[in-house]
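Student: Could we go through this model one question at a time? I would like each answer to show its reasoning.

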Amino acid sequence: MRLPLDPTADIGRRAWVPCPGCEDHLGCGTCLDGRTCGDHWRYLLSNKGSVLHLQCPNCTHLWAWESGFGAGGRTDG
C-alpha cells in the first residue's frame with residue numbers, strides 16, 4: 001500500500017538522500033557520483049537537529065535520516 005504524499009511537503013525543500021524504500025538511485029550515475037540529481041530528490045518534511053524527516057516522491061516512503069552533519073545513516077525503514 002502506498003501512502004499519499006504528505007500535504008505539507010514543499011517542493012522547495014528538497015534533500016538528496018538515498019530512499020530505502022525504492023532505492024531508485026542505484027541505477028543513476030549522477031546519484032552514484034554524489035552529485036545533485038534532478039530526478040532522485042526527496043521531500044524534506046522537517047528536521048530536528050541533524051535528524052531529517054523525508055518522503056520519496058517516487059514511492060511515497062516516509063523515513064528519518066540521521067545526517068550526522070555529513071555522515072548519514074538510516075534510522076528507520
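**Questions on the fold and its residues**

Tutor: We can start before the first strand: the segment ahead of E1 holds Ile11. Keep in mind throughout that this is a predicted model.

Student: Which residues does Ile11 touch, leaving out those up to four places away in sequence?

Tutor: Ile11 has a relative accessible area of 48%, so it counts as partly exposed. Its C-alpha lies 8.8 Å from that of Arg42, with the two positions 31 residues apart in sequence. The residues that Ile11 touches, once those up to four places away are set aside, are Trp41 and Tyr43.

Student: How do the rings of Trp41 and Tyr43 lie relative to each other, stacked or edge-to-face?

Tutor: A pair of aromatic rings is described by the distance of the centres and the angle of the planes. For Trp41 and Tyr43 the centres are 5.0 Å apart and the planes meet at 85 degrees. Planes over 60 degrees apart count as edge-to-face, so the cut-off settles the class. The Trp41 and Tyr43 pair is edge-to-face.

Student: Are Trp41 and Tyr43 buried or exposed?

Tutor: Buried means under 20% relative accessible area. Trp41 has 11%, so it falls under that limit. Tyr43 has 12%, and therefore it too counts as buried.

Student: Which residue places its charged end over the ring of Trp41?

Tutor: The ring of Trp41 also takes part in the 1 aromatic pair of the structure. The charged end over this ring is 4.9 Å from its centre, and it belongs to Arg14.

Student: What is the pattern of helices and strands along the chain?

Tutor: The chain has 1 helix and 5 strands. Read along the sequence, they give β-α-β-β-β-β.

Student: Which elements give two or more residues to the largest nonpolar core?

Tutor: The largest nonpolar core has 10 residues, among them Val17, Cys19, Leu44 and Trp63. The elements that give two or more residues to this core are strand E3 (51–55) and strand E4 (62–66).

Student: What does Leu44 contact, leaving aside neighbours within four places in sequence?

Tutor: Leu44 is one of the residues of the largest nonpolar core. Ala15, Leu52 and Leu54 also belong to that core. With neighbours within four places left aside, the contacts of Leu44 are Arg13, Arg14, Ala15, Leu52, His53 and Leu54.

Student: Is Cys19 buried or exposed?

Tutor: Cys19 sits in the loop between E1 and H1. Apart from neighbours within four places in sequence, Cys19 contacts His25, Arg42, Cys56, Cys59, His61 and Trp63. The relative accessible area of Cys19 is 1%, so Cys19 is buried.

Student: Where is Glu23, and how is its phi angle described?

Tutor: Glu23 is in the loop between strand E1 (14–15) and H1. With a relative accessible area of 41%, Glu23 is partly exposed. Its phi has a positive value in a residue other than glycine, near 50 degrees.

Student: Thr60 has a positive phi as well. Is Thr60 buried or exposed?

Tutor: The phi of Thr60 is near 65 degrees. Thr60 lies in the loop between E3 and E4. Its relative accessible area is 7%, under the 20% limit, so Thr60 is buried.

Student: What about Asp39: is it buried or exposed?

Tutor: Asp39 is in the loop between helix H1 (29–32) and strand E2 (42–48). Its C-alpha is 9.8 Å from that of Trp16, a residue 23 places away along the chain. Exposed means over 50% relative accessible area. Asp39 has 64%, and therefore it is exposed.

Student: What share of the chain is buried?

Tutor: The chain exposes about 4,800 Å², and carbon and sulfur atoms supply 53% of that area. The chain has 77 residues, and the buried share of them is 35%.

Student: Where in the chain is confidence lowest?

Tutor: The chain averages a pLDDT of 84, and 86% of the residues score at least 70. Confidence is highest in E4, with a mean of 94. Where pLDDT is low, the predicted coordinates should not be read in detail. The lowest confidence, at a mean of 50, is in strand E5 (residues 73–74).

Notes
Residues numbered from 1 in each chain as written. Predicted model: local features only at pLDDT ≥ 70, side-chain atom pairs only at ≥ 80, totals over all residues. Heavy atoms only, no water. Core = buried A, V, L, I, M, F, W, Y, C linked by side-chain atoms within 4.5 Å. Buried < 20%, exposed > 50% of the residue type's maximum accessible area, 1.4 Å probe, protein only. Helix = DSSP H or I, 4+ residues; strand = E, 2+ residues; numbered from the N terminus. Contact = heavy atoms within 4.5 Å. Areas by Shrake-Rupley, 256 points an atom, 1.4 Å probe, with all protein chains shown as cover. Phe/Tyr/Trp six-rings, centres within 6.5 Å; stacked < 30°, edge-to-face > 60°. Lys NZ or Arg CZ within 6 Å of the ring centre and 35° of its normal. pLDDT = per-residue confidence, 0-100.
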